[in-house]
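Dear colleague,

Please find below the structure for your review. I would be grateful if you would read the notes that follow with the coordinates open.

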Amino acid sequence: MVSELLRPDSEFSRAVYKEIRPAIPRAQWPMDALRATFTPSSDGLALIASFEGLPPAYAAVAAHAVLRAKVDMVLVSPVAALASAVVYMRRWRDTFLYALLPCLFAIPLMAPLGDGAMRASIVLFAMNSAALLVTHARLLQRRAKLQQGRFIAEIPTPGLRIKVPQGTPLHPQS
């Protein structure tokens, strides 16, 4: 599902242009804006791009340049909030995952201290397991939302005139 179409004058389109411009010779650029589809990776740390209007070899080079930019591209993209939610939830899932094994081994170690200490460690292990399951389920939901966050952007080409934001001086005043 494509959620939105970004114009060539958007911040994201200009950021993509800055990344791919050095890799593509000027003669290979189309006359109009370059159309590209972006899909976030499942970990939320990169964008996978496919470019239309470029020769296949240069489209692959441009897609690799976007993929290599990693988080810098994700931060200016429209899916930045979804990607940060995935990263945040993955951190919590990993926290509970790393705490699971020590809680499991604490159960027999607490037995010599008494029955109450062993029961407390069993309860702690059960709570940690439940929290792990809940955070993993929420992580899967957020990853599914992120994967639906595919969008299309029109990338400016060399020589394409784009609308300059209001209030920006065209020439610095001397």
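The notes below cover a helix, a nonpolar core and a surface patch.

Please bear in mind that this is a predicted model.

Helix H5 runs over residues 115–147. At 1.5 Å a residue, its 33 residues should span 48 Å, and the end C-alpha atoms are indeed 48 Å apart, so the expected and modelled spans agree. Its buried residues are Ser121, Asn128, Ser129, Ala131, Leu132, Thr135, Leu139 and Leu146. Strand S2 (34–40) and helix H4 (80–110) are among the elements that cover these buried positions of H5.

The largest nonpolar core holds 31 residues, and those touching the most other members are Ile20, Phe38 and Phe51. Two or more residues of this core come from each of the helices H1 (11–20), H2 (56–69), H3 (71–76), H4 and H5, and from each of the strands S2, S3 (47–52) and S4 (150–155). The greatest contribution is that of H2, which supplies six residues.

Which residues does Ile20 contact, leaving aside its neighbours within four places in sequence? They are Trp29, Leu34, Phe51, Ala62, Ala65, Val66 and Ile155.

On the surface, Leu101, Leu104, Phe105 and Leu109 make a nonpolar patch of about 420 Å². Leu101 lies in helix H4. The relative accessible area of Leu101 is 49%, so this residue counts as partly exposed, the exposed class being over 50%.

With kind regards

How values were computed
Residues are numbered from 1 along each chain as its sequence is written. This is a predicted model: local features need pLDDT of at least 70, side-chain atom pairs count only at pLDDT 80 or more; totals for chains, interfaces and linings use all residues. Side-chain values use heavy atoms; hydrogens and water are left out. Helices (H or I, at least four residues) and strands (E, at least two) are DSSP runs, numbered from the N terminus. The expected span of a helix is 1.5 Å times one less than its number of residues. Buried means under 20% relative accessible area, exposed over 50%, partly exposed in between (1.4 Å probe, protein chains only). Contact means heavy atoms within 4.5 Å. A nonpolar core is a set of buried Ala, Val, Leu, Ile, Met, Phe, Trp, Tyr and Cys residues joined through side-chain atoms within 4.5 Å. Patches are made of residues with over 30% relative accessible area and no salt bridge: like charges are joined within 9 Å, nonpolar side chains (Val, Leu, Ile, Met, Phe, Trp, Tyr) within 5 Å. Accessible areas come from the Shrake-Rupley method with a 1.4 Å probe; for residues, only the protein chains shown count as cover. A salt bridge is a side-chain nitrogen of Lys or Arg within 4 Å of a carboxyl oxygen of Asp or Glu.
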